[in-house]
Amino acid sequence: NPHAKKVAIEGSFTKWKSTKMAKHEGKWEYEVFLLPGASYPYRFVVDGKIISDPDNPVKKWGKSYLKVE
């Protein structure tokens with residue numbers, strides 16, 4: 001959401017701790033190194049509300065999943 005004031009990401013790669021994302025050219029970003037051959041669950045916290053990734057169709061149990069090949 002480009003109009004959000006604060007966005008954080010939570011996932012297996014952050015040990016489910018909210019980690020602030022940076023806004024760059026109107027888009028929220030977070031950089032992390034992930035090992036290939038695994039799927040990583042994650043979700044966003046947008047202005048205090050937990051949401052799954054609206055741009056990622058791969059979802060399970062309210063979380064989005066990123067597969068790294």
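In this predicted model, strands β7 and β8 come together as a hairpin, with two residues lying between them. One residue of the turn, Trp61, has a positive phi of about 55°. Strand β7 covers residues 59-60, and its pairing with β8 is antiparallel, over two bridges. Within this pairing, Lys59 has Ser64 of β8 as its bridge partner.

Strand β8, which spans residues 63-68, also pairs with β5, again in the antiparallel sense and this time over five bridges. Here Ser64 turns up once more, standing opposite Tyr42. A reader following the chain can thus use Ser64 as a handy landmark: Lys59 is its bridge partner in the hairpin, and Tyr42 is the residue it stands opposite in the pairing of β5 with β8.

From β5, the path leads on to a side-chain contact. A search of the whole structure turns up one salt bridge, and it joins the side chains of Glu10 and Arg43, with an N to O distance of 2.7 Å. The two partners belong to distant parts of the chain, 33 residues apart: Glu10 sits in strand β1 (residues 7-11), while Arg43 sits in β5 (residues 38-46). In general, side chains of opposite charge can pair when their charged atoms come close.

How exposed or buried are the two partners, Glu10 and Arg43? Glu10 has a relative accessible area of 8%, and is therefore buried, since the cut-off is under 20%. Arg43, at 21% relative accessibility, counts as partly exposed because this value falls between 20% and 50%.

Definitions and conventions: Residues are numbered from 1 along each chain as its sequence is written. This is a predicted model: local features need pLDDT of at least 70, side-chain atom pairs count only at pLDDT 80 or more; totals for chains, interfaces and linings use all residues. Side-chain values use heavy atoms; hydrogens and water are left out. A salt bridge is a side-chain nitrogen of Lys or Arg within 4 Å of a carboxyl oxygen of Asp or Glu. Helices (H or I, at least four residues) and strands (E, at least two) are DSSP runs, numbered from the N terminus. Buried means under 20% relative accessible area, exposed over 50%, partly exposed in between (1.4 Å probe, protein chains only). Two strands pair if DSSP finds at least two bridges between them.
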